[in-house]
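Good morning, and thank you for joining this group meeting. Please look at the sequence and the structure as they come up, and I shall then go through some features with you.

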Amino acid sequence: MLRPQARGHYPRKGAAYAKATNQPLAPGGRTSPPYTPGGPAKRGRLVRNLATALVLAGAIAGSVWGDDDDFPFAPFRMYSTTTSPSGSVRTPHFEGATASGTKLRIDTEELGLRTAEVLGQMERFRRDPGLLGRLAQTYDPRTADSRLVELSLVQGIHSLRGGRPSGYSEEVVSVWRER
Amino acid sequence: MARAIGRAEPNAQQFVTVLQRATGGLGKWWYPRFPHRRAVMFRRIVYAFVIVDVLLTSFAVGWHGELPGELYQPLLIGRILPLPVPTPLSLYVIKAALLVASALALTRRMPRLYGIAVFVLYLEWMIVNFSYGKVDHDRFALLIALAALPTVPLGDLHDEDPDEAGGWALRCVQVAVVLTYFLAAYAKLRFGGIEWLNGSTLVRAILRRGTSVADPLIGYPPLLIGAQYLIVAFELASPFLLVKGRMGRALLWAAFAFHAGVYATLRLSFIPHLVCLLAFFPLERVRPPPSITKVGARFRTAAAQKHRTAHRSPDRA
């Protein structure tokens, strides 16, 4: 039996469809949708093909010529740089002093930044210690005395020899003090 | 002259035939006739995951609103659109909208509208996430899934008929998963050079975020270099994930083993990517536990009864 071709992939169900296809209306007012061969309509396929080609081209071009800035077509570069076996590994953290004089070691996450984000903006912190001041204001003090009056960005430097850690030193990258 | 043209004609025809066949084959491959139920199940998993992700795995994105505006370094897309500097309020609104849109996408009403809403909101959520100095690549496949799923017309959940629209969406996710691995290998070559293989990148990773499982490994550089070779070998072999049969399955389990290892040693979960790996599974075979089905059926029967009572015609009453 030749059925009229419904537009699109799955034809609309219900009374109108049942009437158009000369089918008895199933209990509950719905007919089961017969599969229309050919899948998505021609235009749907064309749009899908174009979208596929564009996204593929974007992802490949981003990987070959692009940079992080081109997200969502950025290169897939997590852990893609090489650390020399005789080089060093830098791990940042913050150190603060509260109004009551207590010294604190503050992990980057406590100030709302991931470690990689601090590393990504390291040079900005170095150039502009005022940024640390603005960051210190976002630190959540439990009491007025635990408000930060000093904040430094410190880099732990693990030096490597033959691919093994062989020493540790620290470098203060930037310091902000409340005036 | 005429002979030359005469000779050239069959070649040209052959070329056109070969091209047509190749295009046809590629067309069939991009539109696999997976059961409709597979796409529906994958869709459910993805939208349910977005809710989990926003609340649990990527909740830290919300912190960014508290940060000083100067730390916001908008990506190209954020500068073109141009997207506003995130504030606690704006991120709260995006988060709430994302939760609502994902919940609505889980219902069967207006799948295209809610699907597009989830994609746009999640993209913005990620733009915020990556605009503070670090861009991750573990969410590419999820973004592709969110972009492709709204194109799947929703039929009956139990419909196991072949569905090319659903097949296309699933294929896109599969290709995105493979690209994530393969292009990660390429990025290592591009940014790290061939010396990446013998370098100390894993030592760096362990020193920065190693777990108690990983810390003892730091004393064995050859072991870590071996692991680096294995990582690149796996990433380069990833296109075989798309091959049917034993090879594809072996690589799929290798992918899960790889991510389990990475999580155990570096606490890098790659969960959004793992969800997309499910696009390789025959999800149509997953049946909810009978208890849930029974509760659902009871709920539906009760609702239908209530509906009948409310709309009972006066002559029957």
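Let me begin with a question: which side chain meets that of A:Arg177 in a salt bridge? The partner is A:Glu150, and the N to O distance is 3.5 Å. Please keep in mind that what you see is a predicted model. The two residues come from distant parts of the chain, since A:Arg177 belongs to strand β4 (residues 164–177) of chain A and A:Glu150 to strand β3 (residues 148–161) of chain A, 27 residues apart. A:Arg177 counts as exposed, because its relative accessibility of 55% is over the 50% limit.

I stay with strand β3 of chain A for a moment, as A:Leu153 is also placed there. Is A:Leu153 buried or exposed? Its relative accessible area is 0%, so A:Leu153 is buried. From the C-alpha atom of A:Leu153 to that of A:Arg126 the separation is 8.5 Å, with their positions 27 residues apart along the chain. A:Arg126 appears again in a network of salt bridges, where it is linked with A:Arg90, A:Glu123 and A:Glu171.

How many salt bridges does a search of the whole structure find? Over all chains, the count is 19. One of them joins the side chains of B:Arg79 and A:Asp69, at 2.7 Å from N to O. This pair crosses between chains: B:Arg79 is in helix α3 (residues 76–80) of chain B, while A:Asp69 is in the loop between α2 (42–65) and β1 (88–98) of chain A. Both partners are partly exposed, B:Arg79 with a relative accessible area of 43% and A:Asp69 with 28%.

A further salt bridge, within chain B, is formed by the side chains of B:Arg287 and B:Glu160, with an N to O distance of 3.0 Å. B:Arg287 lies in the loop between α11 (271–277) and α12 (290–310) of chain B, and B:Glu160 in the loop between α6 (140–148) and β2 (162–163) of chain B, so the pair ties together parts that are 127 residues apart in sequence. B:Glu160 counts as partly exposed, at 37% relative accessibility.

Let me now say a little about chain B as a whole. It has 12 helices and two strands. Read from the N terminus, the order of its elements is α-β-α-α-α-α-α-β-α-α-α-α-α-α. Chain B has 317 residues, of which 44% count as buried.

On the surface of chain B, I would point out a nonpolar patch formed by B:Phe15, B:Val16 and B:Leu19. Together these residues have about 300 Å² of accessible area. B:Val16 lies in helix α1 (residues 2–30) of chain B. With a relative accessible area of 43%, B:Val16 is partly exposed, so it passes the requirement of over 30% for membership of a patch.

I turn next to empty space. Rolling a probe the size of a water molecule over the atoms shows where such space is left. How many cavities of 30 Å³ or more does the structure hold? There is one, and the volume of the largest cavity is about 80 Å³. Residues from chains A and B line this cavity, among them A:Phe71, A:Pro72, A:Phe76, B:His137, B:Arg139 and B:Phe140. By class, the lining has eight nonpolar residues, one polar and two charged.

A:Phe71, one of those lining residues, is found in the loop between α2 and β1 of chain A. At 7% relative accessibility, A:Phe71 counts as buried, because the limit is under 20%. The C-alpha atom of A:Phe71 is separated by 9.5 Å from that of A:Ala59, and the two residues are 12 apart along the chain.

My final topic is the second largest pocket, which holds about 1,600 Å³ of space. Its lining is made of 49 residues, and those nearest its centre are A:Arg114, A:Thr115, A:Ala116, B:Arg209 and B:Leu268. Elements giving two or more residues to this lining are β1, α3 (115–120) and β3 of chain A, along with α2 (36–57), α8 (201–209) and α11 of chain B. Which element gives the most to the lining of the second largest pocket? It is α3(A), with five residues. The lining divides into 18 nonpolar, 16 polar and 15 charged residues.

Thank you for your attention.

Note on methods: Residues are numbered from 1 along each chain as its sequence is written. Chains are lettered from A and ligands numbered from 1 in the order in which they are written. This is a predicted model: local features need pLDDT of at least 70, side-chain atom pairs count only at pLDDT 80 or more; totals for chains, interfaces and linings use all residues. Side-chain values use heavy atoms; hydrogens and water are left out. Patches are made of residues with over 30% relative accessible area and no salt bridge: like charges are joined within 9 Å, nonpolar side chains (Val, Leu, Ile, Met, Phe, Trp, Tyr) within 5 Å. Accessible areas come from the Shrake-Rupley method with a 1.4 Å probe; for residues, only the protein chains shown count as cover. A salt bridge is a side-chain nitrogen of Lys or Arg within 4 Å of a carboxyl oxygen of Asp or Glu. Helices (H or I, at least four residues) and strands (E, at least two) are DSSP runs, numbered from the N terminus. Buried means under 20% relative accessible area, exposed over 50%, partly exposed in between (1.4 Å probe, protein chains only). On a 1 Å grid over the protein atoms alone, a cavity is a set of points where a 1.4 Å probe fits but cannot get out, and a pocket is an open set with protein on both sides within 12 Å along at least five of seven lines; lining residues have an atom within 4 Å of a point. Grid points are joined across faces, edges and corners, and a volume is the space filled by probe spheres set on the points. Ala, Val, Leu, Ile, Met, Phe, Trp, Tyr, Cys and Pro count as nonpolar, Asp, Glu, Lys and Arg as charged, and the others, Gly among them, as polar.
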